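Work through the exercises below with the sequence and the model in view. Each task is followed by a solution in steps.

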Amino acid sequence: MPKNSPLQKKDQRLALMPIAVDVDLVRFEKNLLQIGFFGANDGRDKHRTTRRVEQVVIRNGHKVKVAAEFRASEQLGLPSTTDRDKFIALLKIVSEERTRQGQISNPITFSGYRMIQELGLARNGEIYEEILRWGKRMTDTTITSEQVVYRADKKHYSDEVLHVFRSFRRTGSSKLDGAEKQENYEVVLEDWLLENLRQRYVIPEDFNAYKQLTRPTAKGIFGNLHLWFHASQGKPIEKDYTELCNLLNIQAYPHLSKIKSTMGHSLNELVGIKYLSKWDVQPMSSKAGYKVVMSPGVELLRIIQDSRSEPRESVVVEAHPSLSEGSENAVKLLMKHGIAAGKARELAQRFDADTITDTVEYFECEQSAGKRSRVQNPCGLIIWALEHQAPVPAGFISSRRREEMHQAEERERARQSALISLRVTYENWVEKKCAQALDVQYPGSQLQEKLEELVKSKQNDMYFVRVTAEQRLKMAQQLLIREIKEGLSLPTFDEWSIESRQIDLFQA
């Protein structure tokens, strides 16, 4: 056939068309996705042995800063894309083992050939060494969780140091030339991971769709798409570009053209397998930098929908802590203004109750005051204001702010009252000290003699001579007490308050 003939070109075009494949669901442990355990790099960069991923999440209606720190040895490095590939293959093996035995239990054993088959790789001596290095790396890497790893059995987020594999062991043999290699491996999962898999704290992923991807960044984004679009109920999502790069452990670029020429190729791969329908990179309105805007593709939406309709025992366990009382009240307030219950709860999980209440009351006030023409879709305006973090004017006094001001005034009044009471106590204490010193310095009749002496010395003082004799003695005693007080070097009110540990009575 002549080179580049029309028929040959047609065959080439057919070869490039995506081939329909069956869905092969693998349930990926959610923590390892959310904390960015597997970097979206190709594994050749072993210079970095530590990395830290910080995130701000909404829990019980409040923003919480959480973090995960990863540490690995210089020899093995941090987990990367190739490690994620093998881990997904392991999860496929685990899933089939669960189907046969009815549960997941340690140790998990598999042959090297079985993993090679799952990955669709050619069988050679080097691949077995790669599996061994993968197992060692998964055992070696340390995770320090700062309120980020969720323990499904204990129903809480942990502050602890964790590993993924407790141990990894290889057994088997081969001929001297490496032919007919027979190798088996044994993995012992850490308790937290084993329990989360048993509790089905997982997200379904299509392994066959994943294997169609070739770019590490595309593979890194792939699993997170299931989480993000599940949470958004299939609506377009926006991700801070710099934060996304940190989660994926890839370099962030400052220029739009460079961003599109790097991450853009990976996003196009996800469009190619119909996990995204479109994407864009746009400047952020709230701060400097860019955001990645993504819309879901039909294949991803199908996977999410199918996972929701699975039998109860296979449904993904979602760890959404119950809302606080304030957030529940915010949900009711949003629903009162025509916002659907599902959307109201989503907003209450993303924004704190105070922000929601202030925003709703502000638009209520604007509408009732007639400052603007009637809004045709007030609930849409409230949703827009919350999702775009439009600030409520500082001069607007909401019911929450009014209550806070009232409580602050009450606290200040209580503080002032306690302060006055404490000062009276201090003055009584000073008076008692002076009286004791007076008795010591002028015992018995000496006090009377001293007072008469003072009165006699004040005969030329017109104010002294115009009062009664009894009053002159009292005035003389006050002068004597003042003199004694100056000589005692008593602590000031502030010093006395600290020393006597009573300052807490009036501090706010």
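Helices (H or I, at least four residues) and strands (E, at least two) are DSSP runs, numbered from the N terminus, and two strands pair if DSSP finds at least two bridges between them. The model is predicted: local features need pLDDT of at least 70 and side-chain atom pairs pLDDT 80 or more, while totals for chains, interfaces and linings use all residues. Residues are numbered from 1 along each chain as its sequence is written, and side-chain values use heavy atoms, with hydrogens and water left out.

**Exercise 1. The hairpin and its sheet**

Find the residue with a positive phi in the hairpin of β5 and β6, then place both strands in their sheet.

Step 1. Four residues lie between the two strands of the hairpin, and K155 takes a positive phi near 60°. The strands β5 and β6 run antiparallel and are joined by seven bridges. One of the bridge pairs is R151 with H156 in β6.

Step 2. The open sheet has four strands in the order β2-β3-β5-β6, and the pairing is antiparallel. β2 (50-59) and β6 (156-162) each have a single partner strand and stand at the edges, so one side of each has no neighbour in the sheet. On average, neighbouring strands are turned by 20° against each other, direction ignored; the axes are lines fitted to C-alpha atoms, for helices over the stretch in contact, and angles run from 0 to 180 degrees between N-to-C directions.

Step 3. Ten residues of register need not be guessed: β2 and β3 (residues 62-71) pair over 10 bridges in the antiparallel sense. R52 stands opposite E69 in β3, and E54 has A67 in β3 as its bridge partner.

Step 4. β3 and β5 are antiparallel too, with five bridges between them. Here F70 is matched with I143 in β5.

**Exercise 2. The surroundings of F70**

State whether F70 is buried or exposed, and name the aromatic cluster that contains F70.

Step 1. F70 is found in strand β3. Buried means under 20% relative accessible area, exposed over 50%, and partly exposed in between (1.4 Å probe, protein chains only). F70 has a relative accessible area of 1% and is buried.

Step 2. F70 forms one aromatic cluster with F28, F37, F38 and F87.

Step 3. S145 is 75 residues from F70 along the chain, and their C-alpha atoms are separated by 9.0 Å.

**Exercise 3. Two aromatic pairs**

Classify the pair Y150 and Y201 and the pair W429 and W496.

Step 1. A pair of aromatic rings is described by the distance of the centres and the angle of the planes. Rings of Phe, Tyr and Trp (its six-membered ring) pair if their centres lie within 6.5 Å; planes under 30 degrees apart count as stacked, over 60 as edge-to-face and the rest as tilted.

Step 2. The structure holds 20 aromatic pairs. In one of them, the ring centres of Y150 and Y201 are 5.2 Å apart and the planes stand at 40°, so the pair is tilted. Y150 lies in β5 (residues 142-151) and Y201 in the loop between α6 (191-198) and β9, so the pair ties together parts 51 residues apart in sequence. Both Y150 and Y201 are buried.

Step 3. W429 and W496 are also a tilted pair, with 6.2 Å centre to centre and 35° between the planes. W429 lies in helix α16 (residues 399-441) and W496 in helix α20 (residues 493-499), so this pair ties together parts 67 residues apart in sequence.

Step 4. W429 is partly exposed at 26% relative accessibility, whereas W496 is buried with a relative accessible area of 7%.

**Exercise 4. The cavities**

Which residues line the largest cavity, and which line the second largest cavity?Step 1. A cavity is a set of points, on a 1 Å grid over the protein atoms alone, where a 1.4 Å probe fits but cannot get out; lining residues have an atom within 4 Å of a point. Grid points are joined across faces, edges and corners, and a volume is the space filled by probe spheres set on the points. The structure holds three cavities of 30 Å³ or more.

Step 2. The largest cavity encloses about 70 Å³. Its lining consists of F28, L32, L33, G36, F37, F38, R84, G220, N224, L247 and L248. Two or more of these residues come from each of α2 (30-34), α8 (216-231) and α9 (241-248).

Step 3. The second largest cavity has a volume of about 40 Å³ and is lined by I203, P204, H226, H230, I303, I304 and S307. The largest share of this lining, three residues, comes from α11.

Note on methods
On a 1 Å grid over the protein atoms alone, a cavity is a set of points where a 1.4 Å probe fits but cannot get out, and a pocket is an open set with protein on both sides within 12 Å along at least five of seven lines; lining residues have an atom within 4 Å of a point.
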